[in-house]
Structures are given as C-alpha cells and as structure tokens.
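Here are a few short exercises to work through with the structure open beside you. Try each task yourself before reading its solution.

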Amino acid sequence: IASVEDVAGGLASALPHVLTSGGDSRHASLHRTLMPSYTDLPVRAQQSLKVLAVLPAGVTADGARSLLAQPDPLAAGDVELLTRVSLLSFDGLRYRMLEPIRQFALSMIEPADWQQVIDQHVRHWVGWSKAIGVGVTTDDSSNSFAALATEQANVEAAMRMMLGHGATDAA
C-alpha cells in the first residue's frame with residue numbers, strides 16, 4: 001500500500017504532463033478551459049499568476065503585495081483582477097488558488113521566466129524571514145512561530161523551486 005506522500009508526489013509530478021499533453025481528455029480539456037482566461041489577462045497579471053502559483057498554501061494580502069511589488073509596484077493590484085476572473089479566491093485571510101489552476105499556472109512558466117519568479121520569491125522570503133527572525137528572538141515569540149507554521153508549506157515550496165532551478169545560493 002502506497003503512503004499518502006507517495007500518492008501525492010506521484011500526482012504532483014504527473015499533473016503538469018497530463019494537463020499539457022496526451023493524457024485523459026478531461027485533463028486536456030481543463031487546460032483548454034483555463035487557457036482563454038489566462039491569455040485574456042494582461043501580461044503583467046499572467047506573470048503575477050505564475051509567481052503566486054508557487055505557493056500551495058495561498059498568500060495573505062500583505063504577502064501578495066510584497067511578492068508582486070517588485071519589479072513593478074502596480075502588479076500588487078493584480079490580485080484583485082485575478083480574483084475577479086476566478087483564478088484566485090479570497091477567504092478573508094488569504095488569497096488561494098485551486099490546485100488545478102495552480103498547476104496550470106506553473107506549467108505556463110517558460111524556462112526564461114523562472115529567474116524572475118525566483119528573484120521575486122527570494123526578495124519576499126528573505127524579508128519575511130528577517131521579520132519573523134526578529135520576532136522569534138523576543139520574549140513574545142508565539143506570533144512568529146504561528147506565522148512560521150502557517151507559511152511552512154510556502155517556504156518549502158519556494159525553497160524547492162529555487163533548488164530545482166539551480167538557485168542554490170538563493171535557497
């Protein structure tokens with residue numbers, strides 16, 4: 001019997017291939033269904049979607065602003081557009097992306113785009129880590145530890161992305 005981790009790992013590695021080629025026609029139709037929504041977006045919003053897709057646990061409004069503000073300060077407004085066209089949802093605390101949309105957006109990252117995605121995550125997570133690190137060294141570190149627990153999946157995904165694309169110094 002396969003473990004949950006083995007099944008999840010197998011699905012995660014197979015989904016991008018299934019969405020873009022061969023595979024079950026239902027999965028290919030999902031890709032075809034999402035493509036018009038994606039291509040109708042301004043280029044900057046497409047890039048914002050790809051940057052946010054790295055985060056499996058969603059992102060707070062402040063986190064989205066931090067991630068998207070560089071290199072274009074106006075990109076922070078893209079979360080509202082992405083929410084309006086249902087590529088993101090907002091639950092009052094975090095912007096989230098359904099997993100099939102997240103996998104689609106990841107599949108749209110061209111090799112030449114990875115460096116910009118990595119750079120944006122490095123800037124965000126270094127700043128975030130410094131802020132959390134300051135909190136952990138104080139007497140009242142419970143908020144910092146709670147923030148770290150909340151963002152653990154995102155930090156791990158960002159680190160895997162960096163390491164997977166040769167950005168070992170950044171990771």
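**Exercise 1: a helix and its surroundings**

The buried residues of α3 are Ala45, Gln46, Gln47, Ser48, Leu49, Lys50, Val51, Leu52 and Ala53. Keep in mind that this is a predicted model.

Task: work out whether α3 is largely enclosed or not by the rest of the structure.

Solution. Start with the count: nine of the 11 residues of α3 are buried, so the helix is largely enclosed by the rest of the structure. Next, look at the largest nonpolar core, which has 29 residues. Its members with the most contacts inside it are Leu41, Leu49, Leu52 and Met97. Among the elements that give two or more residues to this core are α2 (25-39), α3 (43-53) and α7 (114-136). With five residues, α3 gives the most.

**Exercise 2: a polar residue in α3**

Task: decide whether glutamine 46 is buried or exposed, and find which backbone oxygen its side chain reaches.

Solution. First, place the residue: glutamine 46 belongs to helix α3. Buried means under 20% relative accessible area, and glutamine 46, at 14%, therefore counts as buried. Then follow the side chain of glutamine 46, which reaches the backbone oxygen of leucine 41 at 3.3 Å. Leaving out residues up to four places away in sequence, glutamine 46 touches Tyr38, Thr39 and Leu41. Seen from the other side, and with that sequence limit again, leucine 41 touches Gln46, Leu49, Leu81, Leu82, Val85 and Leu87.

**Exercise 3: charged pairs**

Task: the structure holds five salt bridges; find the partner of lysine 50 and the partner of glutamate 99.

Solution. Lysine 50 pairs with aspartate 113, with the closest N and O atoms 3.2 Å apart. Lysine 50 lies in helix α3 and aspartate 113 in the loop between α6 and α7, so this salt bridge ties together parts that are 63 residues apart in sequence. Lysine 50 is buried, at a relative accessible area of 6%.

Glutamate 99 pairs with arginine 102, the closest N and O atoms being 2.9 Å apart. Both lie in helix α6, three residues apart, about one turn of the helix. An α-helix has 3.6 residues a turn, so residues three or four places apart point the same way. Glutamate 99 is partly exposed at 35%, whereas arginine 102 is buried at 11%.

**Exercise 4: the sheet**

Task: give the strand order and name the edge strands.

Solution. The open sheet runs β1-β3-β2, with antiparallel pairing. β1 (59-60) and β2 (89-90) each pair on one side only, which makes them the edge strands. As a check, valine 59 stands opposite tyrosine 95 in β3.

Terms used
Residues are numbered from 1 along each chain as its sequence is written. This is a predicted model: local features need pLDDT of at least 70, side-chain atom pairs count only at pLDDT 80 or more; totals for chains, interfaces and linings use all residues. Side-chain values use heavy atoms; hydrogens and water are left out. A nonpolar core is a set of buried Ala, Val, Leu, Ile, Met, Phe, Trp, Tyr and Cys residues joined through side-chain atoms within 4.5 Å. Buried means under 20% relative accessible area, exposed over 50%, partly exposed in between (1.4 Å probe, protein chains only). Helices (H or I, at least four residues) and strands (E, at least two) are DSSP runs, numbered from the N terminus. Contact means heavy atoms within 4.5 Å. Two strands pair if DSSP finds at least two bridges between them. A polar contact is a pair of N or O atoms within 3.5 Å; within protein, one must be able to donate a hydrogen and the other to accept it, and residues adjacent in sequence count only if both atoms are side-chain atoms. A salt bridge is a side-chain nitrogen of Lys or Arg within 4 Å of a carboxyl oxygen of Asp or Glu.
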